[in-house]
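User: I am in my first year and would like a close look at a single part of this protein. Could you pick out the salt bridge and its surroundings, and explain how that part fits into the rest?

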Amino acid sequence: MNKASSRSTQTTSQRKNASMCQHQPACPSADSADREAAKPLANHPEQGWSLLCNGVLLFEDTGELLPDGQIIAPHRPLAAAHVMKAA
């Protein structure tokens, strides 16, 4: 008998966000405008992402994946804003 066939695996399209934040005061929720201020639970700079305690996946290009599956496009400041002119 094949034991692998008797195993079942549940899959879901959404990550669970069962209040992972244990900080006091609590970190901003994934729905708030300052969601990127939440503390990281997992940080993988070699892969270019961090998991914040509010369930947000934050990417190094400033893009985000929210717990409900919503994608936030990268929002880096324009490079021209940081260019200084020589005197």
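Analyst: What follows starts with the overall layout and then moves to the salt bridge and the residues around it.

Please keep in mind that this is a predicted model, and that every value below was computed from it. The secondary structure of the protein comes to 1 helix and 5 strands, and along the sequence these elements follow the pattern α-β-β-β-β-β. The strands form an open sheet in the order β1-β2-β3-β4-β5, with antiparallel pairing. Because β1 and β5 (71–72) stand at the edges with a single partner strand each, one side of each is left without a neighbour in the sheet. As a general point, strands of a sheet pair through backbone hydrogen bonds, in either a parallel or an antiparallel sense.

Two of the pairings can be followed residue by residue. Strand β1 (residues 40–44) and strand β2 (residues 49–52) are antiparallel partners over 4 bridges, and within this pairing N43 stands opposite S50 in β2. The hairpin that these two strands make has 4 residues between the strands, and in that hairpin G48 takes a positive phi near 85°. On to the next partner: β2 also pairs with strand β3 (residues 57–59), again in the antiparallel sense, this time over 3 bridges, and here W49 stands opposite F59 in β3.

With the sheet in mind, we can turn to the part you asked about. The structure holds 1 salt bridge, and the side chains that meet in it are those of R35 and E64, with a distance of 2.7 Å from N to O. The pair links distant parts of the chain, since R35 belongs to the loop between α1 and β1 while E64 belongs to strand β4, 29 residues apart. Measured in space rather than along the sequence, if you will allow the phrase for a computed value, the C-alpha atoms of R35 and E64 are 10.0 Å apart. Is R35 buried or exposed? R35 counts as buried because its relative accessible area is 14%, below the cut-off of 20% for that class, and E64 is buried as well.

The surroundings of R35 can be read from its contacts. Leaving aside neighbours within four places in sequence, R35 is in contact with P28, S29, A30, L52, N54, V56, E64, L66 and I72. Several names in that list return in the largest nonpolar core, which has 10 residues, including A30, L52, V56, L66 and I72. A30, for its part, is in contact with R35, N54, V56, L66 and P67 when its neighbours within four places in sequence are set aside.

N54 deserves a paragraph of its own, as it appears among the contacts of R35 and among those of A30. N54 lies in the loop between β2 and β3, and because its relative accessibility is 4%, it counts as buried. The side chain of N54 reaches the backbone oxygen of R35 at 3.1 Å, and a polar atom of that N54 side chain lies 3.2 Å from the backbone nitrogen of V56. In this way the side chain of N54 has polar partners in the backbone of R35 and in the backbone of V56.

The loop that holds R35 has other residues to look at. Q22 is found in this loop between α1 (3–6) and β1, but Q22 is exposed, with a relative accessible area of 65%, whereas R35 is buried. Q22 and N54 are 32 residues apart in sequence, while their C-alpha atoms are 9.9 Å apart in space. P25 lies in the loop between α1 and β1 too, and the peptide bond that leads from Q24 to P25 is cis, with omega near -5°.

On the other side of the salt bridge, the loop between β3 and β4 (64–65) contains T62. The phi of T62 is near 75°, which is a positive value in a residue other than glycine, and T62 counts as partly exposed because its relative accessibility is 21%.

Finally, some totals put this part in the setting of the whole protein. Buried residues make up 24% of the 87 residues, and R35, E64 and N54 are among the buried ones. Of the contacts between residues at least 6 apart in sequence, 30% join residues at least 24 apart. The protein exposes about 7,100 Å², and carbon and sulfur atoms supply 55% of that area.

Notes:
Residues numbered from 1 in each chain as written. Predicted model: local features only at pLDDT ≥ 70, side-chain atom pairs only at ≥ 80, totals over all residues. Heavy atoms only, no water. Pairing = 2+ DSSP bridges. Buried < 20%, exposed > 50% of the residue type's maximum accessible area, 1.4 Å probe, protein only. Core = buried A, V, L, I, M, F, W, Y, C linked by side-chain atoms within 4.5 Å. Contact = heavy atoms within 4.5 Å. Areas by Shrake-Rupley, 256 points an atom, 1.4 Å probe, with all protein chains shown as cover. Salt bridge = Lys/Arg side-chain N within 4 Å of Asp/Glu carboxyl O. Polar contact = N/O pair within 3.5 Å; in protein donor to acceptor, adjacent residues only side chain to side chain.
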